[in-house]
Amino acid sequence: MKIMLLGTPGSGKGTLAQSLSSGVGLPHISTGDIFRAAIHHKTKLGLEVKTILASGKLVPDELTCSIVFERLTEPDARQGFLLDGFPRTIPQAETFDRKMELDSVILLELDEETNVTRLTERLICPDCGAIYHRTFRPPQKADVCDTCGGTPVQRPDDQIEVVNKRLEEYYRLTAPLIRHYEDKQKIHRFNALQSPAALLHEVQSFLQNL
Ligand code: AP5
């Protein structure tokens, strides 16, 4: 199965994908995680994209597509994948659609106020990428990642000025993908306000019957 998760920054794509991945046996491929790992390890790619991510803008389409297509050649992606954060523009979608067909686009929907709070209150582990929320999903022990023992921190792009820019970029460049995949009858809408467990259950049941 080739699945894409679509939704505003902070709608819960990464949280859902991290649990769904093991449930459905598909690799979670997140372009944001790939870029953040490159920045963390100070690779050539990391140096190239660091200021772009910090500004809330998008990485150029050509570079993003080449990174994703290289990742999709790895053995674990042969039977399918969960794409999180890609495609994110119409040119990226057109490039992707020329190479392969998605089975479903899972669209996560929530209101703007909750959306902004989720971003400004989020913490992530820079070592393993585990996602937390200061109030709703704090690490069991303060400042210690439940998964790897790292120290969860706020993402530089989760400061309010950058959050506003990212949401602006989403509505300008990414939201048109809803129409693009609606025309292909691939869009399936889910209420992202429900608990992570309830959302996971609903999406898993949906995929089992796809
Ligand atoms: P990326 O990392 O993809 O960020 P994003 O799309 O902005 O999405 P987020 O990771 O912010 O949010 P999410 O929907 O995964 O929410 P999460 O699960 O964490 O991209 C970062 C940057 O990389 C981009 O700005 C761009 O520069 C670049 N980039 C990436 N892909 C690109 C591309 N294709 N082209 C060009 N540039 C690209 O949840 C958020 C919070 O809510 C957490 O605290 C979580 O605990 C909480 N939460 C989640 N679900 C629930 C729930 N059901 N109930 C209560 N709380 C919840």
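Colleague: In which helix is T174 found?
Modeller: This is a predicted model. In that model the residue T174 belongs to a helical run, and the helix is α7.

Colleague: Is T174 buried or exposed?
Modeller: A residue is called buried when its relative accessible area is under 20%. T174 has a relative accessible area of 4%, so by that cut-off T174 is buried.

Colleague: Which residues is T174 in contact with, leaving aside its neighbours within four places in sequence?
Modeller: T174 sits in α7 and is buried there. With neighbours within four places in sequence left aside, its contacts are L6, R88 and E169.

Colleague: How many helices and strands are there in the chain?
Modeller: Helix α7, the one with T174, is part of a mixed set of elements. The chain has seven strands, and its helices number nine.

Colleague: Why is the chain said to be as compact as a globular protein of that length?
Modeller: The globule rule gives 17 Å for 210 residues. The chain is close to that value, so it counts as equally compact, with a radius of gyration of 16 Å. Along its principal axes the C-alpha trace spans about 45 × 40 × 35 Å.

Colleague: What share of the contacts in the chain with a separation of 6 or more comes from residues 24 or more positions apart?
Modeller: Buried residues make up 46% of the 210 residues. Among contacts with a separation of 6 or more, the share from residues 24 or more positions apart is 69%.

Colleague: How far apart are the mean positions of the positive and negative charges?
Modeller: The chain has 25 positive and 28 negative charges. Averaging the positions of each set gives two points, and these are 3 Å apart.

Colleague: What part of the accessible surface belongs to carbon and sulfur atoms?
Modeller: The accessible surface of the chain comes to about 10,900 Å². Of this, the part belonging to carbon and sulfur atoms is 51%.

Colleague: How many disulfides does the structure hold?
Modeller: A disulfide needs two cysteine sulfur atoms within 2.5 Å. For C128, the nearest cysteine sulfur is that of C145, 3.7 Å away, and C128 is in no disulfide. The sulfur of C148 has its closest cysteine sulfur in C125, at 3.6 Å, which is too far for a bond. For the structure, the number of disulfides is zero.

Colleague: What are the relative accessible areas of C128 and C148?
Modeller: Both cysteines are partly exposed. The relative accessible area of C128 is 36%, and that of C148 is 41%.

Colleague: Which elements do the buried residues of α4 pack against?
Modeller: Helix α4 covers residues 61–71, and its buried residues are T64, C65, I67, V68, F69 and R71. They pack against two strands and three helices: β2 (28–30), β3 (81–84), α2 (31–40), α3 (44–55) and α5 (90–99).

Colleague: Which residues does a cis peptide bond join?
Modeller: Most peptide bonds are trans. In this chain there is a cis bond with omega of about -10°. Its proline lies in the loop between β3 and α5. The residues joined are F86 and P87.

Colleague: Where does D143, with its positive phi, lie?
Modeller: Most residues other than glycine have a negative phi. D143 is not a glycine, yet its phi is about 65°. D143 is exposed, at 53% relative accessible area. Its place is the loop between β6 and α7.

Colleague: Is Q185 buried or exposed?
Modeller: Q185 also has a positive phi, about 55°, without being a glycine. Q185 is found in the loop between α8 (176–183) and β7. Its relative accessibility is 69%, and Q185 counts as exposed.

Colleague: Which residues does D158 touch, not counting residues up to four places away in sequence?
Modeller: D158 is in the loop between β6 (131–133) and α7 (160–174). D158 is buried, with a relative accessible area of 1%. Beyond four places in sequence, D158 touches L119, T120, R122, V163 and R166.

Colleague: How far apart in space are R189 and V153?
Modeller: R189 is in strand β7 (residues 187–191) and is partly exposed, at 44% relative accessible area. Not counting residues up to four places away, R189 touches L107, E109, I178 and E182. R189 and V153 are 36 residues apart in sequence, and their C-alpha separation is 31 Å.

Conventions: Residues are numbered from 1 along each chain as its sequence is written. This is a predicted model: local features need pLDDT of at least 70, side-chain atom pairs count only at pLDDT 80 or more; totals for chains, interfaces and linings use all residues. Side-chain values use heavy atoms; hydrogens and water are left out. Helices (H or I, at least four residues) and strands (E, at least two) are DSSP runs, numbered from the N terminus. The radius of gyration is taken over C-alpha atoms; the globule rule is 2.2 Å times the number of residues to the power 0.38. Buried means under 20% relative accessible area, exposed over 50%, partly exposed in between (1.4 Å probe, protein chains only). Contact means heavy atoms within 4.5 Å. Accessible areas come from the Shrake-Rupley method with a 1.4 Å probe; for residues, only the protein chains shown count as cover. Lys and Arg count as positive and Asp and Glu as negative; His and the chain ends are not counted. The place of a charge is taken as NZ of Lys, CZ of Arg, CG of Asp or CD of Glu.
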